[in-house]
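Colleague: I should like to go through this chain with you, beginning with the fold and then turning to individual residues. Could you place the sequence and structure before us?

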Amino acid sequence: QVQLVESGGGLVQAGESLRLSCVAPGVLFRFKAMGWYRQAPGKQRDLVASITSGGTTAYGNSVKGRFTISRDNAKNTVYLQMNSLRAEDAAVYYCNSVDIGWAWGQGTQVTVSS
């Protein structure tokens, strides 16, 4: 089954930045609103940022002003620029359409040391 492929995670210190990437399969990507989700150990998977097919963005309160979601439809890719990272941002990050149209990928681990 074709999956989403996330990358770009890693170990950073608090205050540093990371840029996540997610490649989606198929020709429908450009028509779909996409989201970045995260799941910390023992917690539910939450939507932290979304972007419509037209480029309108929305963010959770905890990341607003620090994270930026963007997309490149020619590359079937959605990005998440994460600045001023905090310990509480540590999680596995996943992307998917906001209607969860694809099977979940493996995610990419973000670890923030304080």
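The questions below concern the fold, the surface, the disulfide and one loop residue.

Modeller: Please bear in mind throughout that this is a predicted model.

Colleague: How many helices and how many strands does the secondary structure of the chain come to?

Modeller: Read along the sequence, the pattern is β-β-β-β-β-β-β-β-β-β. The count for the chain is therefore zero helices and ten strands.

Colleague: Which radius of gyration does the chain have, and what would a compact globule with 114 residues have?

Modeller: The C-alpha atoms fill a box of roughly 40 × 30 × 20 Å along the principal axes. For 114 residues, a compact globule would have a radius of gyration near 13 Å. The chain agrees with that expectation, as its own value is 13 Å.

Colleague: Among contacts between residues at least 6 apart in sequence, what percentage join residues at least 24 apart?

Modeller: A contact here requires heavy atoms within 4.5 Å. Of the contacts between residues at least 6 apart in sequence, the share joining residues at least 24 apart is 55%.

Colleague: What percentage of the accessible surface belongs to carbon and sulfur atoms?

Modeller: Buried residues make up 41% of the 114 residues. The accessible surface of the chain comes to about 5900 Å². The part of that surface belonging to carbon and sulfur atoms is 49%.

Colleague: How far apart do the centres of the positive and negative side chains lie?

Modeller: The chain has 11 positive and 7 negative side chains. The distance between the centres of these two sets is 4 Å.

Colleague: Which residues does the disulfide join, and how many residues apart in sequence are the parts that the pair ties together?

Modeller: A search of the whole structure finds one disulfide, joining Cys22 to Cys95 with an S to S distance of 1.6 Å. Cys22 belongs to strand S3 (residues 18-23) and Cys95 to strand S9 (residues 91-97), so the pair ties together parts of the chain that are distant by 73 residues in sequence. Cys22 is buried at a relative accessible area of 0%, and Cys95 is likewise buried at 0%. The names and the separation asked for are thus Cys22 and Cys95, 73 residues apart.

Colleague: Is Pro41 buried or exposed?

Modeller: Pro41 is found in the loop between strand S4 (34-39) and strand S5 (46-51). Exposed means over 50% relative accessible area. Because its relative accessibility is 78%, Pro41 counts as exposed.

Colleague: How far apart in space are Pro41 and Asp72?

Modeller: In sequence, Pro41 and Asp72 are 31 residues apart. From C-alpha to C-alpha, their separation in space is 30 Å.

Notes: Residues are numbered from 1 along each chain as its sequence is written. This is a predicted model: local features need pLDDT of at least 70, side-chain atom pairs count only at pLDDT 80 or more; totals for chains, interfaces and linings use all residues. Side-chain values use heavy atoms; hydrogens and water are left out. Helices (H or I, at least four residues) and strands (E, at least two) are DSSP runs, numbered from the N terminus. The radius of gyration is taken over C-alpha atoms; the globule rule is 2.2 Å times the number of residues to the power 0.38. Buried means under 20% relative accessible area, exposed over 50%, partly exposed in between (1.4 Å probe, protein chains only). Accessible areas come from the Shrake-Rupley method with a 1.4 Å probe; for residues, only the protein chains shown count as cover. Lys and Arg count as positive and Asp and Glu as negative; His and the chain ends are not counted. The place of a charge is taken as NZ of Lys, CZ of Arg, CG of Asp or CD of Glu. A disulfide is a pair of cysteine sulfur atoms within 2.5 Å.
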